[in-house]
Amino acid sequence: MTIRVLIVDDQAMVREGFGALLAAQEDIEVAGSAANGAEAVDAVWRKHPDVVLMDVRMPVLDGLEATRRILKAPGDRHPRVVMLTTFDLDDYVYEALRAGASGFLLKDAPAADLVHAVRVVAAGDALLAPSVTRTLIADFARRPQQNRPRPDQLRALTPRETEVLKLIAAGRSNGEIAETLVLAEQTVKTHVGRILMKLDLRDRAQAVVIAYETGLVQPGG
């Protein structure tokens, strides 16, 4: 399957650089580019990309609002959105996850990380690599109010699924979860799939959000 990617950034050099790198991959096609969030919303409607690489700070319409509009648009086929970020954008992290972003990528990340990010989110997973996620989670996890009651949906989870959800919220990979709980990695994947299905979540990024918002996991816990 060819992965169609839309690149959204207000800097032409970033768009061109990312575009050249991705176009060189046999399984990736650059569907187009946009210089601001408004152009991105229009381009998604016209070009139907599988993945959107979305800068946060842009003129006309920022990446956060553009992501909301893209993922709330009518229809049942929405692209995966990866936010292009730096660690000085902490204020945006939590809202980006709530808006439906499937993960984050540092703008100065190595070329291999960019290609990997596109493939990971296109496959339906979230880009929550420990090297990025734990730092980001440490920031946005401080934002939700404490001691919120759990929603009824969490009661549908088995004790083992609840354990897995807590570890997802800690930024653990499937392999790390398997090692912690002494399970086969395929068994962990099955648990993750059931968690997403029961809670009606798109991916692991949304699982992280709900774990903190409901108080299942406490900041610093």
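This section describes the packing of helices H2, H7, H8, H9 and H10 and the settings of Asn36 and His191 in a predicted model.

The model is predicted, and local features were accepted at pLDDT of at least 70, side-chain atom pairs at pLDDT 80 or more, whereas totals for chains, interfaces and linings use all residues. Residues are numbered from 1 along each chain as its sequence is written, and side-chain values use heavy atoms, with hydrogens and water left out.

Helix H2 spans residues 37-47; helices (H or I, at least four residues) and strands (E, at least two) are DSSP runs numbered from the N terminus. Gly37, Ala40, Ala43 and Val44 of H2 are buried, a term that denotes under 20% relative accessible area, with exposed being over 50% and partly exposed in between (1.4 Å probe, protein chains only). These buried residues fall within an arc of 110 degrees when viewed down the axis of H2, so they line one face of the helix; the arc is that of the directions from the helix axis to the C-beta atoms. They pack against strands E1 (3-8), E2 (28-34) and E3 (51-55) and against helix H3 (63-71), contact being defined as heavy atoms within 4.5 Å.

Asn36 lies in the loop between E2 and H2 and is buried, its relative accessible area being 9%. At the start of H2, a side-chain oxygen of Asn36 comes to within 3.0 Å of the backbone nitrogen of Ala38. A polar side-chain atom of Asn36 also lies 2.9 Å from the backbone nitrogen of Glu39. A polar contact is a pair of N or O atoms within 3.5 Å; within protein, one must be able to donate a hydrogen and the other to accept it, and residues adjacent in sequence count only if both atoms are side-chain atoms. With residues up to four places away in sequence not counted, Asn36 touches Val8, Met58, Pro59, Val60 and Leu61. H2 is followed by His48, which has a positive phi near 50 degrees.

Two packed helices are described by the angle between their axes and the distance between the axes. The axes of H7 (residues 159-169) and H10 (residues 204-213) come within 8 Å and cross at roughly 100 degrees; axes are lines fitted to C-alpha atoms, for helices over the stretch in contact, and angles run from 0 to 180 degrees between N-to-C directions. H7 and H10 are therefore roughly perpendicular to each other, a class covering 65 to 115 degrees, with angles under 35 degrees counted as roughly parallel, over 145 as roughly antiparallel and the rest as oblique. Leu165, Ile168 and Ala169 of H7 meet Arg204, Ala207, Val208, Ala211 and Tyr212 of H10.

H7 also packs against H9, the two axes coming within 10 Å and crossing at roughly 95 degrees. This pair is therefore likewise roughly perpendicular. The contact joins Arg160, Glu161, Val164, Leu165 and Ile168 in H7 to His191, Val192, Arg194, Ile195, Lys198 and Leu199 in H9.

Within H9 (residues 185-199), His191 is buried, with a relative accessible area of 12%. Its C-alpha atom is separated by 8.1 Å from that of Arg160, 31 residues apart along the chain. Neighbours within four places in sequence aside, His191 is in contact with Arg160, Glu161, Val164 and Leu183.

In H8 (residues 174-181), the buried residues are Asn174, Ile177, Ala178 and Leu181. They cover an arc of only 100 degrees around the axis, which puts them on the same side of H8. The cover over these residues includes H7, H9 and H10. Just after H8, Val182 adopts a positive phi of about 55 degrees.
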